[in-house]
Amino acid sequence: MFLWTIEPMDSVFPSCDPRPVSRRIPGGYVEGIDTPEGFRVSRLISTDLKNYLRTEYSPGSTMNKIR
């Protein structure tokens, strides 16, 4: 199927996903998006293995807005 249009690609296929942002934590970074409830974690990047055991850095968790 082809779609022939003079409209720009951004107006035909708008981006629905917000851009992820990175926040520094002790020993690494967390990636996620800012929501009204707080910072929603989507990825942990760390060299400290203990960070992977902490529930506040697990994907899907929400961190406090103050951080």
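**Figure 1. Confidence along the chain.** Confidence in the protein chain is lowest in helix H1 (residues 9-12), where the mean is 81, and highest in strand E3, where it reaches 94. Please keep in mind that this is a predicted model. Taken over the protein chain, the mean pLDDT is 87, and 96% of the residues reach 70 or more.

**Figure 2. The sheet and its edges.** Four strands form an open sheet in the order E1-E2-E3-E4, with antiparallel pairing. Its edge strands are E1 (21-25) and E4 (62-63), each of which pairs on one side only. Strand E2 (residues 28-35) pairs with E1 in the antiparallel sense over five bridges. On its way to E3, the pairing of E2 is again antiparallel, with eight bridges. As a reminder for this view, strands of a sheet pair through backbone hydrogen bonds, in either a parallel or an antiparallel way.

**Figure 3. The hairpin of E1 and E2.** Two residues lie between the strands of this hairpin, and Gly-27 takes a positive phi near 95° there. Follow the ladder from here: Ile-25 stands opposite Gly-28 in E2. Further along the pair of strands, Arg-24 faces Tyr-29 of E2. Gly-27 also appears among the contacts of Asn-51, together with Pro-26.

**Figure 4. From E2 to E3.** The hairpin that joins E2 to E3 does so through two residues. A good landmark in this view is Val-30, whose bridge partner in E3 is Leu-44. Both Val-30 and Leu-44 are also members of the largest nonpolar core.

**Figure 5. The largest nonpolar core.** Seven residues make up this core: Ile-25, Val-30, Phe-39, Val-41, Leu-44, Tyr-57 and Met-63. E3 gives the largest share, with three residues. To explore the packing, start at Ile-25: leaving out residues up to four places away in sequence, Ile-25 touches Val-30, Leu-44, Asn-51 and Tyr-57. The general background is familiar: in soluble globular proteins, nonpolar side chains tend to be buried together.

**Figure 6. Asn-51, a loop residue with little exposure.** Is Asn-51 buried or exposed? Asn-51 sits in the loop between E3 and E4, and its relative accessibility is 3%, so Asn-51 counts as buried. Apart from neighbours within four places in sequence, Asn-51 is in contact with Ile-25, Pro-26, Gly-27, Leu-44, Ser-46 and Tyr-57. Three of these names, Ile-25, Leu-44 and Tyr-57, will be known to you from the core.

**Figure 7. Salt bridges between strands.** The structure holds three salt bridges, and two of them are shown here, starting with Arg-23 and Asp-34, whose side chains meet at 2.7 Å, N to O. Arg-23 belongs to strand E1 and Asp-34 to strand E2, so this pair ties together parts that are 11 residues apart in sequence. Glu-31 forms another salt bridge, with Arg-43, and the closest N and O atoms are 3.8 Å apart. Here distant parts of the chain are linked, with Glu-31 in strand E2 and Arg-43 in strand E3 (residues 38-46), 12 residues apart. Arg-43 itself is partly exposed, at a relative accessible area of 44%. In general terms, side chains of opposite charge can pair when their charged atoms come close.

**Figure 8. The salt bridge of Glu-56 and Arg-54.** How exposed are the two partners? Their side chains meet in a salt bridge at 2.4 Å, N to O, between Glu-56 and Arg-54. Glu-56 is partly exposed, with a relative accessible area of 26%. Arg-54 is likewise partly exposed, and its value is 38%.

**Figure 9. Arg-19, in the loop before E1.** Look for Arg-19 in the loop between H1 and E1. With a relative accessibility of 75%, Arg-19 counts as exposed. Even so, Arg-19 is in contact with Gly-32 and Ile-33, leaving aside neighbours within four places in sequence. Widen the view to take in Glu-7: this residue and Arg-19 are 12 residues apart in sequence, and their C-alpha atoms are 23 Å apart in space.

Notes: Residues numbered from 1 in each chain as written. Predicted model: local features only at pLDDT ≥ 70, side-chain atom pairs only at ≥ 80, totals over all residues. Heavy atoms only, no water. Pairing = 2+ DSSP bridges. Salt bridge = Lys/Arg side-chain N within 4 Å of Asp/Glu carboxyl O. Buried < 20%, exposed > 50% of the residue type's maximum accessible area, 1.4 Å probe, protein only. Core = buried A, V, L, I, M, F, W, Y, C linked by side-chain atoms within 4.5 Å. Contact = heavy atoms within 4.5 Å. pLDDT = per-residue confidence, 0-100.
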